[in-house]
Amino acid sequence: MNQDLFSSPEFQKLHPVKKQIIQELASTNQNMSPEMMLTKVMAINKELSKRSLNFTKEESALLIRIMKQNMSAADRQKVDLLMGLLNR
């Protein structure tokens, strides 16, 4: 896991609950497929909604970057493709 992302200004500005969620996710992110990642992100968004919170577009991008760190190049490409389809 890349500690630079956790010390970045964009991470430091996050709501404490969002920080905690991202840190927990990053620590359990080993060998996660793009499909599993998408399912996990959707579950996180649902949980945040229950707390009247949501990720901004920038925060979502940070979350995806953190999750892609341990993926193979092929899986990172799949994620980029999926994100491109979702952001249309």
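## A tour around helix 4

Start by selecting residues 34-50, which form helix 4: its 17 residues reach 25 Å from the first C-alpha to the last, close to the 24 Å expected at 1.5 Å a residue. Keep in mind as you look around that this is a predicted model.

Next, show the side chains of Pro34, Met37, Val41, Ile44 and Leu48, the buried residues of helix 4. Look down the axis: they cover an arc of only 75°, which puts them on the same side of helix 4. The general geometry helps here: an α-helix has 3.6 residues a turn, so residues three or four places apart point the same way.

Now turn to the other side of helix 4 and pick out Thr39, Met42, Lys46, Ser49 and Lys50, which are exposed.

What do the buried residues of helix 4 pack against? Add residues 16-27 (helix 3), 57-68 (helix 5) and 73-86 (helix 6) to your selection, and you have their packing partners.

Then step past the end of helix 4 to Ser52, which follows it and has a positive phi, near 60°.

Finally, zoom out to the protein chain. You will find 6 helices and 0 strands, running α-α-α-α-α-α from the N terminus on. The C-alpha trace spans about 30 × 30 × 20 Å along its principal axes. The radius of gyration is 12 Å, which agrees with the value near 12 Å for a compact globule of 88 residues. Colour by burial and 33% of the 88 residues come up as buried. For a last view, put on the surface: the chain exposes about 5700 Å², and carbon and sulfur atoms supply 53% of that.

Key: Residues are numbered from 1 along each chain as its sequence is written. This is a predicted model: local features need pLDDT of at least 70, side-chain atom pairs count only at pLDDT 80 or more; totals for chains, interfaces and linings use all residues. Side-chain values use heavy atoms; hydrogens and water are left out. Helices (H or I, at least four residues) and strands (E, at least two) are DSSP runs, numbered from the N terminus. The expected span of a helix is 1.5 Å times one less than its number of residues. Buried means under 20% relative accessible area, exposed over 50%, partly exposed in between (1.4 Å probe, protein chains only). The arc is that of the directions from the helix axis to the C-beta atoms. Contact means heavy atoms within 4.5 Å. The radius of gyration is taken over C-alpha atoms; the globule rule is 2.2 Å times the number of residues to the power 0.38. Accessible areas come from the Shrake-Rupley method with a 1.4 Å probe; for residues, only the protein chains shown count as cover.
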